[in-house]
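Here are my notes after going through the model, point by point. Have the structure open while you read.

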Amino acid sequence: VPMTSAYAVYQVASSPSVHESYLVHQPMHQGSQGAIALSADGTTITLQAGYVYQVSYMTHAYADHTFGIIPVTQGEADQRVTSIAYGTPGANTWLNVCGNYLVPAECDTTLQFSLHAPDSGSVSGLGGILSIVRVAAL
C-alpha cells in the first residue's frame, strides 16, 4: 500500500515567559491528513502511530549567556538531540541552534520543545522553524 505524504511546518509563535518552558508554535504549511497534529495551545505536537518521522528545527534568539532547545518526546527530555549555543556573558549575542532527528512512533507520540536558558541570563527575539515529515512506515 503506498504511503501518502504527511508533513507540517511550524514557526515559533511566541517566547515562553520562564527560562525553562515549552515553545509555542503556529502552523505555516501542513499536508498531514491528521498524521501530525498541533495542540490548541501550540505547545504539543502529536504524531500518528505506525510511522517514522523526520523532525528538523532551527531556533534563534539574542541571549547573554547560554541558549538551547531541548526536544521532549512522550514527556521525556531527549539529551541526544538537544542543541545549545554559548554566548558571551553580558554581550546579548545572536545565537542559533538546530537539530535533525528521526522519531519512530510506535504509538501516538507527543513532541514538545523546551527553551533552556540560565536563570541569570536573558533571551529575546526568539524565532524559528520546525519541520516534520513522515518518511516511512514501521
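1. Start with strand β7 (residues 66–73), where eight of the eight residues are buried, so the strand is largely enclosed by the rest of the structure. This is a predicted model, by the way. In a regular strand, side chains alternate between the two faces of the sheet. For β7, both faces are covered. One side has Thr66, Gly68, Ile70 and Val72, the other has Phe67, Ile69, Pro71 and Thr73, and all of these are buried.

2. Which strands does β7 pair with, going by the bridges? With β11 (residues 109–116) there are six bridges, and the two strands run antiparallel. Threonine 73 has leucine 111 as its bridge partner in β11. With β9 (residues 83–86) there are four bridges, again antiparallel, and here threonine 66 is partnered by tyrosine 86. Two bridges join β7 to β8 (residues 76–77), also antiparallel, with valine 72 standing opposite alanine 77.

3. Look at the turn of that last pair. The hairpin of β7 and β8 has two residues between the strands, and glutamine 74 takes a positive phi near 55° there. Most residues other than glycine have a negative phi. Glutamine 74 has its positive value although it is not a glycine. The residue sits in the loop between β7 and β8 and, at 40% relative accessibility, counts as partly exposed.

4. A second residue belongs on the same list. Asparagine 92, in the loop between β9 and β10, has a positive phi of about 50° and is not a glycine either. Its relative accessible area is 39%, so asparagine 92 is classed as partly exposed. I'd look at both loops in the viewer.

5. Now for the cavity. How many cavities of 30 Å³ or more does the structure hold? There is one, and the space in the largest cavity comes to about 50 Å³. Its lining is made up of Val12, Leu23, His25, Tyr57, Thr59, Ile69, Phe113, Gly128, Ile129 and Leu130. The elements that give two or more residues to this lining are β6 and β12 (123–137), and β12 has the largest share, with three residues. By class, the lining has seven nonpolar residues, three polar ones and no charged ones. Note that Ile69, one of the lining residues, is also among the buried residues of β7.

6. Is histidine 60 buried or exposed? Histidine 60 lies in strand β6 (residues 51–63) and has a relative accessible area of 19%; the cut-off for buried is under 20%, so histidine 60 counts as buried. Beyond its neighbours within four places in sequence, histidine 60 is in contact with Phe67, Trp94, Leu95, Asn96, Gly125, Leu126, Gly127 and Gly128. Phe67 is on one of the two covered sides of β7, and Gly128 is one of the residues lining the largest cavity.

7. Tryptophan 94 is worth a click after that. Tryptophan 94 belongs to strand β10 (residues 93–105) and, at 40% relative accessibility, is partly exposed. Not counting residues up to four places away in sequence, tryptophan 94 touches His60, Ala61, Tyr62 and Gly125. Its C-alpha lies 9.8 Å from that of valine 123, and the two are 29 residues apart in sequence.

8. A longer-range case is glutamine 11, in strand β1 (residues 7–14). The C-alpha atoms of glutamine 11 and serine 131 are separated by 8.8 Å, with their positions 120 residues apart along the chain. Setting aside neighbours within four places in sequence, glutamine 11 contacts Val24, His25, Gln26, Met28, Gly128 and Ile129. Among these, His25, Gly128 and Ile129 also line the largest cavity. Glutamine 11 itself is partly exposed, with a relative accessible area of 27%.

9. Last, confidence. The protein chain averages a pLDDT of 88, and 91% of the residues score at least 70. Strand β5 (residues 45–47) has the highest confidence, at 97, while strand β2 (residues 20–22) has the lowest, at a mean of 76. Where pLDDT is low, the predicted coordinates should not be read in detail.

Technical notes. Residues numbered from 1 in each chain as written. Predicted model: local features only at pLDDT ≥ 70, side-chain atom pairs only at ≥ 80, totals over all residues. Heavy atoms only, no water. pLDDT = per-residue confidence, 0-100. Buried < 20%, exposed > 50% of the residue type's maximum accessible area, 1.4 Å probe, protein only. Contact = heavy atoms within 4.5 Å. Pairing = 2+ DSSP bridges. 1 Å grid on protein atoms, 1.4 Å probe; cavity = no way out; pocket = protein on both sides within 12 Å on 5 of 7 lines; lining within 4 Å. Points joined across faces, edges and corners; volume = space filled by probe spheres on them. Nonpolar A, V, L, I, M, F, W, Y, C, P; charged D, E, K, R; others polar.
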